[in-house]
Amino acid sequence: MKVESRKRQFILEGKIKPGFCDGCGQVTEKVFVGEWIPSDKPKVDDLLAARPPKASNQSKNKGEEPPSSAENQYWVRCSACNQVHLLKEWQIQIDKELNPDELNPEDCQVYTPHGIYAKGDALYHQALDEVGVVREKQATGSGSYVIIVEFCKSGRKQLLENVQVNSGKEKSSDSLTDLIKMKLRR
């Protein structure tokens, strides 16, 4: 639920990524116009709508639940052709790039080399006592990953991610000697 409310907040602030417009056929900037709100007027009183066929269908429709937050709809205008479209929340791409200066340590994940992070995640590094945002992610040959984090004071730093911890030193030394013996046999 928190993710949906955050996406809604970004849409209401107008932080919408450019997208394809059906009207002009181009990828253009989108401008938030307003939120679509369903009418609370019952359909029975609507003169433009067709008459309901039977009373039994009306009793079935009374048990319907109100639309969930996943079905929110918004009016969005194309900046090129000025056509206004009604889009569902899932159809809108938001620009949710975080700024490290706006983050608080309480709102961020605490960084550990054993954790797994996604691009755009907010991190708090305890040793540096700084907050930052993951900007890039690159794989290493050992199976771990390097994440490039942009910090407020320190700038961009490379940090390890998904580092596996060996439970015992004996296993690693045995496997190392076995590997050397196998290479020598060849």
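1. Let's start with the strand pairing. In this predicted model, E3 and strand E4 (residues 73-78) are joined by six bridges and run antiparallel. Two of the facing pairs are easy to pick out: Gly34 stands opposite Trp75 in E4, and Phe32 has Val76 as its bridge partner in E4.

2. On to the next pairing. E4 is also antiparallel to strand E5 (residues 84-88), with five bridges between them. Val76 turns up again here, since its bridge partner in E5 is His85. E4 and E5 form a hairpin with five residues between them, and Asn82 in that turn has a positive phi of about 65 degrees.

3. Put together, these pairings give an open sheet of three strands in the order E3-E4-E5, with antiparallel pairing. E3 and E5 are the edge strands, each pairing on one side only. From one strand to the next, the twist averages 35 degrees. As a reminder for anyone following the bridges, strands of a sheet pair through backbone hydrogen bonds.

4. Just before E3 there is a residue worth a look. Glu29 lies in the loop between strand E2 (27-28) and strand E3 (30-36). Is Glu29 buried or exposed? It falls in between: its relative accessibility is 45%, and because buried means under 20% and exposed over 50%, Glu29 counts as partly exposed. Leaving aside neighbours within four places in sequence, Glu29 is in contact with Pro18, Arg77, Cys78 and Ser79. Ile16 is 13 residues from Glu29 in sequence, and their C-alpha atoms are 7.9 Å apart.

5. A second loop residue can be read in a similar way. Asn104 sits in the loop between E5 and strand E6 (109-110). With a relative accessible area of 39%, Asn104 is partly exposed. Asn104 and Ala122 are 18 residues apart in sequence, and 9.4 Å separates them in space, C-alpha to C-alpha.

6. Now the core. Which residues make up the largest nonpolar core? There are eight: Tyr111, Tyr117, Leu123, Val134, Ile147, Val149, Phe151 and Leu159. Strand E9 (residues 145-151) gives the most to this core, with three residues. Val149 is a good place to zoom in: not counting residues up to four places away in sequence, it touches Leu123, Gly132, Val133, Val134, Gly155, Arg156, Lys157 and Leu159.

7. A word on the whole protein. Its secondary structure comes to three helices and 10 strands, and along the sequence they follow the pattern α-β-β-β-α-β-β-β-β-β-β-β-α. Of the 186 residues, 23% are buried. Among contacts with a separation of 6 or more, 43% are between residues 24 or more positions apart. The protein exposes about 14100 Å², and carbon and sulfur atoms supply 51% of that area.

8. Finally, confidence. The average pLDDT of the protein is 76, and 71% of the residues score at least 70. Where is confidence lowest, and where is it highest? The lowest is in helix H2 (residues 55-61), at a mean of 49, while the highest is in strand E10 (residues 155-161), at 91. Over residues 57-67 the pLDDT is below 50, and this stretch has two contacts in the model beyond near neighbours in sequence. Where pLDDT is low, the predicted coordinates should not be read in detail.

Methods:
Residues are numbered from 1 along each chain as its sequence is written. This is a predicted model: local features need pLDDT of at least 70, side-chain atom pairs count only at pLDDT 80 or more; totals for chains, interfaces and linings use all residues. Side-chain values use heavy atoms; hydrogens and water are left out. A nonpolar core is a set of buried Ala, Val, Leu, Ile, Met, Phe, Trp, Tyr and Cys residues joined through side-chain atoms within 4.5 Å. Buried means under 20% relative accessible area, exposed over 50%, partly exposed in between (1.4 Å probe, protein chains only). Helices (H or I, at least four residues) and strands (E, at least two) are DSSP runs, numbered from the N terminus. Contact means heavy atoms within 4.5 Å. pLDDT is the predictor's confidence in each residue, from 0 to 100. Two strands pair if DSSP finds at least two bridges between them. Axes are lines fitted to C-alpha atoms, for helices over the stretch in contact, and angles run from 0 to 180 degrees between N-to-C directions. Accessible areas come from the Shrake-Rupley method with a 1.4 Å probe; for residues, only the protein chains shown count as cover.
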